[in-house]
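User: Hi! I'm new to reading protein structures and would love a close look at one small part of this one. Could you walk me through it slowly and then show me what lies around it?

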Amino acid sequence: MRTTDAVWLAPGEPQEIQSDLVSRFQQEYGRAASGTWFAPGRANLNGEHIDFHAGRCLPMALAHGTYVAAAPRTDGQLRLRTLDASLDDGITTVTPDQIGPAAAASGQDVSGHWSHYVSGVLWALRELGRSQPAFAVDADFGADLLVVSTLPIGGGLSSSAALECASILAFLALGTPFGQDNPLQDLNAALTRENRKDLAAACVRAEVEVVGAGTGGLDQTAAMRARPGKVLSLDCRDFSVTPLDIGCILRGYRLIAVDTGEAHRLADGQFGDRRADAEAATRLLGLDRLRDALPEQPRKADVSHVLEEFDRLAEQLETLDGRSVEACRRRLHHALTEMVRSEKLHHLLSGEAYGVRHIASTVGDILTAGHMSMRDDAEVSFDIADLVVETALAQGAEGARLIGGGFGGSVLVLITPAAIPKLTAALERISRRIRLLDVAPSAAAQAL
Ligand code: GLA
């Protein structure tokens, strides 16, 4: 019989995980690893499906994440293996001609394979190195990599970005002048904020241009630039970040990610389809980026004005760029209200909203409103996620919402510690595949 503890997915002890991984590396590749790099998964208080519209997101890094042990090669090849049972199919070899967008487009490599995230990142770092000599990757650089993760794969907690960010640090450390000048953990202090921003952008390029997933940069920014104990208020207009304290909330409450056990796949069509609906609405409004439809500090009334304008422009249309006008309007409604919620949270957590009482219950209400919007307007939710949200609220949570891209993944819950045992018991009754992760805002990607 399962105990309640069994539903918790622990982040593990980093040093133990690292030393296990390093001994497995020796067995697997018959030589020693040169180092180990880690990147965290993320949760997001608000700002889903708006990073690619230049909206604001409020992510934080988890203690859970992905570990990569690696050693360099001089034949340009990548040899990769993951210890995750659901993905492991032995060592995958990627030859230099299989790396990059051209190879992906010509179908030379196995479509949809997890190795694309890693080989894509090597390509993107090479690209970055063209304009930044310290990041220039040696021409025949390759590597052996062994990967293990404490994140549920496809759990909406950014396992892909964690893999990308841990891998790019490994390549940076082993294949560039920057890595040679800053060996092992020296890398951590040497990386400036600007470097981290550039590396996150390189990981986005890998995912968009090589993997073919329409990521907007939220996940990679969280993994590469998060701060312990903080929510990162990320303005996707220029990818500037403001670390905000959430100590005020976490003193009396816990944030929990509930992995529903329904894995999503970002590279599949549904995520792109939702994004395309919203982009069609953006074009109809005559805008390059949807965030510009709203003022700096938007309110609900501003949302109504934009929707009125949309209705006026769409009045005679049967379809919008071949898409349903009503669906495009719903995506627009989600994106605009999500932007308003993000700005509200930013001000609340910046302490700029003078006189706000009951901060946790306000954050909770925003979480739940975000879920309703994901369910009814973005239409990216699914039965178990809706049930988890309902259950959490019925058990006294301040708020709960689906996070990540949707169509599978995790629900974020804000709840008092006292209510957690009843919540876990109720969740266990919903599905045996549910797992809980404690969301303790943690540090960004690093050399271990
Ligand atoms: C995925 C994408 C992100 C973001 C979220 C939804 O995680 O990779 O860029 O769009 O979905 O907010």
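In which loop does G214 lie?

Analyst: Happy to help! Keep in mind that this is a predicted model. G214 sits in the loop that runs between helix α7 (193-211) and helix α8 (218-225).

Let's begin with how much of G214 can be reached from outside. Its relative accessibility is 25%. Buried means under 20% and exposed means over 50%, with partly exposed in between, so G214 counts as partly exposed at its 25%.

Next, who touches G214? If we set aside its neighbours within four places in sequence, G214 is in contact with F52, F271 and R275. To place these partners, it helps to know that the protein chain is divided into domain 1 (11-243) and domain 2 (244-438). For a sense of distance along the chain and through space, take G214 and D321: they are 107 residues apart in sequence, while their C-alpha atoms are 19 Å apart.

Now let's step back to the two domains. The C-alpha centres of domain 1 and domain 2 lie 26 Å apart. Where they meet, 37 residues of domain 1 are in contact with 47 residues of domain 2.

The ligand brings both domains into the picture too. Its shell draws at least three residues from each of domain 1 (11-243) and domain 2 (244-438). In total, 15 residues surround the ligand, and the closest are E48, H49, D51, G216 and D219. Sorted by class, that shell has four nonpolar, seven polar and four charged residues.

Some side chains come within a few ångströms of oxygen atoms of the ligand, so let's go through three of them. For T215, an N or O atom in the side chain is 2.8 Å from an oxygen atom of the ligand. For D219, a side-chain N or O atom is 2.7 Å from a ligand oxygen. For R42, a polar side-chain atom lies 3.3 Å from an oxygen atom of the ligand. Taken alone, the ligand exposes 300 Å², and the protein buries 98% of that.

Finally, here is a residue to set beside G214. S115 has its place in helix α3 (residues 115-131). Its relative accessibility is 5%, which means that S115 counts as buried, whereas G214 counts as partly exposed. Not counting residues up to four places away in sequence, S115 touches L80, T92 and V94.

Conventions:
Residues are numbered from 1 along each chain as its sequence is written. This is a predicted model: local features need pLDDT of at least 70, side-chain atom pairs count only at pLDDT 80 or more; totals for chains, interfaces and linings use all residues. Side-chain values use heavy atoms; hydrogens and water are left out. A residue is near a molecule or strand if one of its heavy atoms lies within 4 Å of it. A polar contact is a pair of N or O atoms within 3.5 Å; within protein, one must be able to donate a hydrogen and the other to accept it, and residues adjacent in sequence count only if both atoms are side-chain atoms. Accessible areas come from the Shrake-Rupley method with a 1.4 Å probe; for residues, only the protein chains shown count as cover. Ala, Val, Leu, Ile, Met, Phe, Trp, Tyr, Cys and Pro count as nonpolar, Asp, Glu, Lys and Arg as charged, and the others, Gly among them, as polar. Domain bounds come from an automatic or database domain assignment. Helices (H or I, at least four residues) and strands (E, at least two) are DSSP runs, numbered from the N terminus. Buried means under 20% relative accessible area, exposed over 50%, partly exposed in between (1.4 Å probe, protein chains only). Contact means heavy atoms within 4.5 Å.
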